[in-house]
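Please open the model in your viewer and keep the sequence panel beside it, since each stop on this tour begins with a selection. The coordinates come from a predicted model.

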Amino acid sequence: MAQIKASDLFVQCLEEEGVKYIFGVPGEENADFMMSLRKSDKIEFILCRHEQAAAFMADLYGRLTGKAGVCLGTLGPGATNLVTGVADANMDRAPLVALIGQAGTYRLHKESHQNMDAIAMFRPITKWAQTIYNAGTVPEVVRKAFKVAEAEKPGACVIELPEDIAKHMVDLKPLEPRKVRRPAADHKAIKAAVDLIAGAKTPVILAGNGCVRKRASQQLRRLAKKTGIPVVNTFMGKGAVSMDDEHCMFTIGLQGRDHVNLLIDDADVIVAAGYDLVEYAPGFWNKGKPKKVIVIDFEPAEVDVALPVEVDIVADVADSLWGINEELNKRFGDKLPLFDIKKYAKLRQRIYDDLTAEAEDNSFPMKPQRVVNEMRRALGPSDIMLSDVGAHKMWVSRYYNCYEPNTCQISNGFCTMGFALPGAIGAKFALPDQKVGCIMGDAGFLMNVQDLETAARNKIPFVCVVFVDGEYGLIKWKQQNQFEGQHSNLAFTNPDFEMLAKAFGIWGKTVTRGEDLRGIIEEAFKQNGPALVAVPIDYSENLKLTKRLGAIEATI
């Protein structure tokens, strides 16, 4: 074999993994890698304006494709800028591989320019992080990083390539990726789960982040229909069961006493499928009558005093649900479904009426639920919605419901402001044929506004709706709830959003009348590049919602 440069081999390994895009900001220490990448006809480098934004793009690419999104930064500040996006991907179970440059190995042992132990920094927020100290290990390190990142539960991995190692000559080839089969569920655990379900009086399925994989969603829908058990989804489990399915009881996750909490309160058995505790701690939903919990997940259930695990099924979620479905068929056959879903029809209608009550409200400044409903109307069943973090996230999480799994993306585990704008760019690279929209607060929007230029330069069409209130609205909401309406100074000023859009060379509008909202959003989605819609928001609705949810009568 002819010898090639290690950086050339590295790129060949990425090509073998099926990498199509790398999002990032290069530096001096990864110059050899960039020159090698320049020769690739399979991988496109997307030049970004901030490493954090690049990591969010890779995060969303990974969430939506199941293949690890790839981001790149140089050493020192380039690596530290990646940290927040990498941590977000890891906690929200998105497969991601971050590539970072490093100083030459000849100076890593001593004080030197921009030299820091980046791998030690990344270890607590990744599944695996590794420096390549020997060019001969490039194929193994790359293959392992992608294998670990994409294995359930997915997460982030980091590869560090020192600049001198990149120049070394080797005579190696990439390792071919091999499909990994996940373990099947233990038959005794499946039987125990069916025993518990069959003996229940008021069971409820809690669908989490692990249920938005397509196969898991299909089996979950089969289970709901086969048993007649209602399904509640977390913020990140939206669409696991379609919002128009009679078994769907919508979203849980607000810490107030929402309608759906009444259903959970009344449950004696909870089937928690693909549920992560970072989504909504069990202490918030384990109220009411004593419960027995069946946990179905890729890893053993977390130990939590509020999570009384009766059956712990540790296996592929889709396979586990399939096994339960088959055992139900075997035992009960034509006696299925075991429960009557019609008994929950009134509660479902009550929730639906609540969620759509202000769907046509044109009062101004606009009610957040009105804007969220308008975005739901504008996006099709398979289109993608992203929510940033702030007060608007509470409204998106409650009011935006889905027909298909993985079509509403929320930073929920790590709750990262600034996630949605670059995330929308990554989503569009992942699914170019789907419409993409995002809702952000004015605070979060300005945290990664620089990458509007990346979207404009690449003519990436998506719609970014900014809720304008001139404050850190969620912090204000929480402080008011905790301190009898009082809050600290949280106000700031904003730019003219239309002028800001014009400065970036993109289409932008500020809503000045409620009656104009629908037409403006429709026009925004017709643009051939990014579009910005600024909407003055009436966040007095926050405390009204808190008061209303707290006053819900505990009847099903």
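Begin by selecting Leu 328, which is placed in helix H12. With the surface switched on, is Leu 328 buried or exposed? Leu 328 counts as buried, because its relative accessibility is 0%, under the 20% at which that class ends. Show the residues around it, leaving out those up to four places away in sequence, and you will find that Leu 328 touches Val 194, Leu 223, Lys 226, Thr 227, Gly 333, Leu 336 and Leu 338. A distance drawn from C-alpha to C-alpha between Leu 328 and Ala 198 gives 8.9 Å, although the two are 130 residues apart in sequence.

Stay on helix H12 and select Trp 322, which also has its place there. Trp 322 counts as partly exposed, at 43% relative accessibility. Apart from neighbours within four places in sequence, Trp 322 is in contact with Gln 219 and Arg 222, and its C-alpha atom is separated by 8.3 Å from that of Leu 220, which is 102 residues away along the chain.

Next, select the loop between helix H12 (317-332) and helix H13 (345-356), where Pro 337 lies. Which form does the peptide bond from Leu 336 to Pro 337 take? This bond is cis, with omega near 0 degrees. Leu 336 is one of the residues that Leu 328 touches, and this links the present stop to the opening one. Lys 343 is also placed in the loop between H12 and H13, and at 48% relative accessibility Lys 343 counts as partly exposed. The C-alpha atoms of Lys 343 and Gly 228 are separated by 9.9 Å, with their positions 115 residues apart along the chain.

There is a further backbone feature to inspect at the peptide bond from Glu 152 to Lys 153, which is cis with omega near -10 degrees. Lys 153 can be found in the loop between helix H6 (138-150) and strand S7 (156-162). Most peptide bonds are trans, and most residues other than glycine have a negative phi.

With that in mind, select Asn 406, in the loop between H15 and strand S16 (408-410). Asn 406 is not a glycine, yet it has a positive phi of about 65 degrees, and at 18% relative accessibility it counts as buried. Then move to Cys 415, in the loop between S16 and H16, which likewise is not a glycine and has a positive phi, here of about 50 degrees. Cys 415 is partly exposed, with a relative accessible area of 37%.

Now turn to the aromatic rings, of which the structure holds 13 pairs. Select Phe 23 and Phe 429, and ask how their rings are arranged. The ring centres are 5.5 Å apart and the planes stand at 70 degrees, so the pair is edge-to-face. This pair links distant parts of the chain, for Phe 23 belongs to strand S2 (residues 21-24) and Phe 429 to helix H16 (residues 420-430), 406 residues apart. Phe 23 is buried, with a relative accessible area of 0%, and Phe 429 is buried with a value of 13%. Add Tyr 21 and Tyr 61 to the selection, and you will have the cluster that ring pairs form from Tyr 21, Phe 23, Tyr 61 and Phe 429.

For a ring with a charged partner, select Phe 525 together with Lys 435, which lies over the face of Phe 525 at 5.1 Å from the ring centre.

The next selection is a helix pair, helix H15 (residues 391-399) and helix H19 (residues 473-482), whose axes come within 6 Å and cross at roughly 85 degrees. That angle makes H15 roughly perpendicular to H19. Where they meet, Ala 391, Met 394 and Trp 395 of H15 face Gly 473, Leu 474 and Trp 477 of H19 in contact.

Finish at helix H21 (residues 517-524), in which Leu 517, Ile 520, Ile 521 and Ala 524 are buried. Why do these residues lie on the same side of H21? They cover an arc of only 95 degrees around the axis, which puts them there together. To see what covers these buried residues, display elements including helix H14 (368-378), strand S18 (463-468), strand S19 (507-510) and strand S20 (531-536).

Definitions and conventions: Residues numbered from 1 in each chain as written. Predicted model: local features only at pLDDT ≥ 70, side-chain atom pairs only at ≥ 80, totals over all residues. Heavy atoms only, no water. Buried < 20%, exposed > 50% of the residue type's maximum accessible area, 1.4 Å probe, protein only. Helix = DSSP H or I, 4+ residues; strand = E, 2+ residues; numbered from the N terminus. Arc of directions from axis to C-beta. Contact = heavy atoms within 4.5 Å. Phe/Tyr/Trp six-rings, centres within 6.5 Å; stacked < 30°, edge-to-face > 60°. Lys NZ or Arg CZ within 6 Å of the ring centre and 35° of its normal. Axes fitted to C-alpha atoms, helices over the stretch in contact; angles between N-to-C directions. Parallel < 35°, antiparallel > 145°, perpendicular 65-115°, else oblique.
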